[in-house]
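Let's work through a few exercises on pockets and a ligand. Keep the viewer open and try each task before you read its solution.

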Amino acid sequence: MALVGNGYVMKAKLITFEGGEGAGKSTQLSCLAKNLENSGSRVIGLREPGGTVLGEQLRAVLKNPATKSVEPETEALLFAACRAQLVREVILPALAAGTFVLCDRFIDSTVAYQAGGRGLNREQIDAANRLACGTLRPDLTILLDLDPDRGLSRAAVRDHGQADRFELLGKDFHRKVRATYRQLAADEPGRFLVVDANRDPNLIAEEIWHEVRRRFS
Ligand code: TMP
């Protein structure tokens, strides 16, 4: 349980950020972390793949264009492996200690990219996610929705033109990722907040903070 500035209590939650390339997830994660900290909550910010020693090593391999031949099934299992480690090593202990966990990507990324983008079987991806997470599910998932053309150009500027293995995939792939995310949000409106990411980041941060307080305080 975390004490909020004016005395009431916000119970620690798992909040995940999802979206295509260049949608502004990490910026919004930092803004929400600051808002939560300023209101007296303990917070950790994580990213997927990553957040553990094993996860960060696999992240480098998974993102590197030099890792040329990766079967879609291999890719899905490596993301699930990173998640299984992160859940047990970091997320569950943090939540048990009353710390908010903000995670840049989580289960929905594997559905959007490996099922939606790569075309793997959705039930098998769900099964991999269940193995990785057990019964843990995000309390809130913030989908930063953005046209992939715009997102990929933003990512190219951010990365000085050094595209990673996923950014190098064609626009059709990224359109399928976006469509899958939007379908996921439509299927679970109670868990998702869909945010138009093509706006001033300060406005987006305000909208997210308003929604987090509305749901959890
Ligand atoms: P990012 O954190 O900089 O967005 O990089 C992670 C990349 O990995 C991004 O292109 C999305 C991709 N990814 C998947 O394809 N499946 C997953 O399950 C996760 C977590 C990420």
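**Exercise 1. Find where the ligand sits, and describe that site.**

Step 1. The ligand sits in the largest pocket. Sitting there means that more than half of its atoms lie within 2 Å of the pocket's grid points. A pocket is an open set of points on a 1 Å grid over the protein atoms alone, where a 1.4 Å probe fits, with protein on both sides within 12 Å along at least five of seven lines; lining residues have an atom within 4 Å of a point.

Step 2. A word on the source: this is a predicted model, in which local features need pLDDT of at least 70 and side-chain atom pairs count only at pLDDT 80 or more, while totals for chains, interfaces and linings use all residues. Residues are numbered from 1 along each chain as its sequence is written, and side-chain values use heavy atoms, leaving out hydrogens and water.

Step 3. The largest pocket holds about 840 Å³ of space, the volume being that filled by probe spheres set on the points, which are joined across faces, edges and corners.

Step 4. Its lining counts 40 residues, with Glu-21, Lys-25, Lys-63, Arg-105 and Arg-158 nearest the centre. Helix α1 provides the largest share, five residues; helices are DSSP runs of H or I with at least four residues, numbered from the N terminus.

**Exercise 2. List the ligand's neighbours and polar partners.**

Step 1. Around the ligand are 14 residues, and Glu-21, Lys-63, Arg-105, Thr-110 and Gln-114 are the closest. A residue counts as near if one of its heavy atoms lies within 4 Å.

Step 2. Now look for polar contacts, pairs of N or O atoms within 3.5 Å. Gln-114 places a side-chain N or O atom 2.8 Å from a ligand nitrogen. Ligand oxygen atoms are met by Arg-105 at 2.9 Å and by Arg-83 at 3.2 Å.

Step 3. Of the 480 Å² of accessible area (Shrake-Rupley method, 1.4 Å probe) that the ligand has on its own, the protein covers 95%.

Step 4. Helices α2, α3 and α4 each give two or more residues to the shell, and α4 gives the most, with four.

**Exercise 3. Describe the second largest pocket.**

Step 1. Its volume is about 180 Å³.

Step 2. Among its lining residues are Arg-122, Asp-126, Asn-129 and Arg-130. The largest share, four residues, comes from α5, which spans 122–133.

Key
Polar contact = N/O pair within 3.5 Å; in protein donor to acceptor, adjacent residues only side chain to side chain.
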